[in-house]
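Here is a friendly walk through one small set of coordinates, from the overall fold down to individual side chains. Keep the viewer open as you read.

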Amino acid sequence: MSAPVWFVSLSGTTCLVALLSEKELTVANVGDSRAVLCDKDGNAVPLSHDHKPYQLKERKRIKKA
């Protein structure tokens, strides 16, 4: 039994991990999950970027693998 086409085209996996130590914040992500930090003035500061196959850098990485 195969999955319906709509299910396959909308499925995927993402992960985002943030590790805060005393002096450092480390962020890692896979897929199109996104980490954003709000600074003291209320501005959004991106901490990660999406991994989407339509982005040139990501497409090259996928093809190389």
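## Overall fold

The protein has two helices and four strands. Following the chain from its start, the elements come in the order α-β-β-β-β-α. Please bear in mind that this is a predicted model.

How much of the protein counts as buried? Of its 65 residues, 11% do. The protein exposes about 6000 Å², and carbon and sulfur atoms supply 60% of that area. As for contacts between residues at least 6 apart in sequence, 2% of them join residues at least 24 apart.

## The E1–E2 hairpin

A good place to zoom in is the pair of strands E1 and E2. Strand E1 covers residues 15-20, and strand E2 covers residues 25-30. The two pair in the antiparallel sense, over six bridges, and a hairpin of four residues joins E1 to E2.

You can check the register with two pairs. Leu16 has Asn29 in E2 as its bridge partner, while Ala18 stands opposite Val27 in E2. Is E1 tucked away or in the open? Strand E1 lies largely in the open, because the number of buried residues among its six is zero.

## The loop before E1

Thr13 sits in the loop between helix H1 (5-10) and E1. Its relative accessibility is 69%, so Thr13 counts as exposed, the cut-off for that class being over 50%.

Which residues does Thr13 touch, leaving aside its neighbours within four places in sequence? Thr13 is in contact with Val30 and Gly31; Val30 falls within strand E2, which spans residues 25-30. The C-alpha atom of Thr13 is also separated by 8.5 Å from that of Asp32, a residue 19 places away along the chain.

## A nonpolar surface patch

Which residues form the nonpolar patch on the surface? They are Leu20, Leu25, Leu37, Val45 and Leu47. Together these side chains have about 420 Å² of accessible area.

Leu25 is a handy member to look at, as this leucine lies in strand E2. With a relative accessible area of 40%, Leu25 is partly exposed. That value allows Leu25 into the patch, because patch members need over 30% relative accessible area.

## Cysteines without a disulfide

How many disulfides does the structure hold? The count is zero. For background, a disulfide is a covalent bond between the sulfur atoms of two cysteines.

Two cysteines are worth a look for their surroundings. Cys15 has a relative accessible area of 39% and is partly exposed, whereas Cys38 reaches 54% and is exposed. Cys15 also belongs to strand E1, which runs over residues 15-20.

## The salt bridge in H2

How many salt bridges does the count come to? There is one. The side chains of Arg61 and Glu58 form it, with a distance of 2.7 Å from N to O. That value meets the criterion, because the nitrogen has to be within 4 Å of the carboxyl oxygen.

Both Arg61 and Glu58 lie in helix H2 (residues 56-64). They are three residues apart, about one turn of the helix. Is Glu58 buried or exposed? Its relative accessible area is 12%, so Glu58 is buried, as that class takes values under 20%.

Note on methods. Residues numbered from 1 in each chain as written. Predicted model: local features only at pLDDT ≥ 70, side-chain atom pairs only at ≥ 80, totals over all residues. Heavy atoms only, no water. Buried < 20%, exposed > 50% of the residue type's maximum accessible area, 1.4 Å probe, protein only. Contact = heavy atoms within 4.5 Å. Areas by Shrake-Rupley, 256 points an atom, 1.4 Å probe, with all protein chains shown as cover. Patch = residues over 30% accessible without salt bridge, like charges linked within 9 Å, V, L, I, M, F, W, Y side chains within 5 Å. Disulfide = S-S within 2.5 Å. Pairing = 2+ DSSP bridges.
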